[in-house]
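Take a look at the protein below and turn it around for a minute. Then read on for a short tour of its inside.

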Amino acid sequence: MLDFLNDILWGKVLIALLITVGVGFTLASRFVQFRYFGRMFRILSASQAFKKDKHGHLSSFQALLLSVAGRVGGGNIAGVAVAITLGGPGAVFWMWVVGLMGMATSFLECTLAQTYKQAEPDGTYRGGPAHYIARGMGSKWKWLAGLYSVLLLLTFGFGFTALQSYAVATSFGDAFGVPVFYTGIGLAMIVGLIIFGGVKRIAKVAEVLVPVMALGYLLVAGAVLALNVERIPDVVMLIVNSAFGLEPVVGGGIGAAILMGVKRGLFSNEAGLGSAPNVAAVAYVPHPANQGVVQSFSVFIDTLIICSATAFIILLSGVYDPAGANDIGGVALTQAALAEHVGEWGRSFVSIALLLFGFSTVLYNYYLGENSINFFSTENQNLFNGFRVAIIGLVCWGATTDLGTVFAFADVTMGFLALVNLIALIALVKPGLRIMRDFDEQIADGIEQPVFDVSRFADMNIDAAAWEIEPEDLERINQRRSAPVPASGETTA
């Protein structure tokens, strides 16, 4: 049954919806992910990106790092290897396509998450797909928002938390001979110390951990590329030819390449899945589109940079056999490939990288689970503490258990999660475009840092308390009040 549902969801339905949303919004937004690619760097280099308000909300930069902590995980190391093993090198090309289109999808979902975020009594924010479904689509769709929250809790809060623990413990055991039980206990203790400190402590850990782990991995990958620079064009041609079935002996053909590229691409960068918007909504930003632009960049980092680094490490090695004769797959393939390039310490390096990637993802998964519970209850502290204890238990259990069935179940719930979110994005594309146009118009008017004036969007059921205007921004807003805002279906020159 799980295999049948996986085949229907990933082999047919989700591919069609991902293409519809990704390509459709790319065209409707006039290629927003490319138009504002340079602005991604300007936003992150500006002081505004690091700014917090009086309540100590996460800055735009912290929200980016927290989302990268979630996107960059086992999928970037083991997932890419699985995609190449089952779909051939051509799967990497389709991962790139999913990443480029996913940048537009991520812009839309994270902009909507910021727009419809909710101010909590303690001054913090909450938001995500459940909130933009309930507020943007109307009260009659609140059941869909509830369904999304339940699926988010099952998929990330429970399923993927155990899976990340399993991947970390088994990899660490293979590399250093440490029993999985002890790895699970150690991981659970550290996770417990962090998650009981709340999202702000998680963000502080991510602020240090993510740059270190990502840059370290990319430095090693860069060294591999430098050692094999003359072979890079051949590998690129192998990827492209395999993507279109022009390499007869490689992988499982064009169908397998597309399927594995789309599935592993989404699993890695999560664009369209609705997970990253839960984090994007927490950030303190002057305009919703700001975080949309920033989160597009996190997809680029994940798929176009880090996944590509793993792919080239594997394909530039002599370990990878297109015919599958060596019978090596998953993280073992990445370990063997790096060991061939740099020596046996490469195996240990991959295990340490997987440990850091997996650890950061467990923290991210916890936050997603907490946010899904928060949608149903914001005041029951015993419920949240119970969930934290359950996460610690899952980390221990996952490290010591064969999770084949859990993985298949999580794949199905992730498919339904993406299905609900993609339906919501299609329904809310007009409000998303309206917010983007407000951002575009301010940029066109010469305003370097656009500001969101919620009073101009009174018909959109936005929580005004979540959009307090800074005094220094008030004058710019007053200058724009006389200019009409286009209706949802209108376009501007």
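## Rings that pair up

How many aromatic pairs does a search of the whole structure find? The count comes to 18. Keep in mind that this is a predicted model.

Let's zoom in on one of them. Y217 and F349 form a stacked pair, with 6.3 Å from centre to centre and 5 degrees between the planes. Those two values are what you need here, because a pair of aromatic rings is described by the distance of the centres and the angle of the planes. This pair links distant parts of the chain: Y217 belongs to helix α10 (residues 198-227) and F349 to helix α16, 132 residues apart. Are the two partners buried or exposed? Both Y217 and F349 are buried. Elsewhere, F37, F297 and F300 come together in one aromatic cluster.

## The chain as a whole

Now step back. The chain contains 20 helices and two strands. It has 493 residues, and 58% of them count as buried. If you take the contacts between residues at least 6 apart in sequence, 82% of them join residues at least 24 apart.

Helix α10 gives you another example to look at, A206. Why does A206 count as buried? Its relative accessibility is 5%, and buried means under 20%, so A206 makes the cut. The C-alpha atoms of A206 and Y364 are 9.2 Å apart, although 158 residues separate the two along the chain.

## The nonpolar core

Y217 shows up again here. The largest nonpolar core has 146 residues, and Y132, I133 and Y217 are the ones with the most contacts inside it.

What does I133 touch, once you leave aside its neighbours within four places in sequence? The list is G138, W141, L144, A145, Y148, V420 and A424.

## A hole in the middle of things

There are also empty spaces to find: a search of the whole structure turns up four cavities of 30 Å³ or more. The second largest has a volume of about 60 Å³.

Which residues line the second largest cavity? Among them are G127, G128, P129, H131, N278, N371 and F375. Y148, which is in contact with I133, is also part of this lining. Helices α7 (129-136), α8 (142-176) and α16 (345-376) each supply at least two of the lining residues. Sorted by class, the lining has five nonpolar and seven polar residues, with no charged ones.

Note on methods:
Residues are numbered from 1 along each chain as its sequence is written. This is a predicted model: local features need pLDDT of at least 70, side-chain atom pairs count only at pLDDT 80 or more; totals for chains, interfaces and linings use all residues. Side-chain values use heavy atoms; hydrogens and water are left out. On a 1 Å grid over the protein atoms alone, a cavity is a set of points where a 1.4 Å probe fits but cannot get out, and a pocket is an open set with protein on both sides within 12 Å along at least five of seven lines; lining residues have an atom within 4 Å of a point. Grid points are joined across faces, edges and corners, and a volume is the space filled by probe spheres set on the points. Helices (H or I, at least four residues) and strands (E, at least two) are DSSP runs, numbered from the N terminus. Ala, Val, Leu, Ile, Met, Phe, Trp, Tyr, Cys and Pro count as nonpolar, Asp, Glu, Lys and Arg as charged, and the others, Gly among them, as polar. A nonpolar core is a set of buried Ala, Val, Leu, Ile, Met, Phe, Trp, Tyr and Cys residues joined through side-chain atoms within 4.5 Å. Buried means under 20% relative accessible area, exposed over 50%, partly exposed in between (1.4 Å probe, protein chains only). Contact means heavy atoms within 4.5 Å. Rings of Phe, Tyr and Trp (its six-membered ring) pair if their centres lie within 6.5 Å; planes under 30 degrees apart count as stacked, over 60 as edge-to-face and the rest as tilted.
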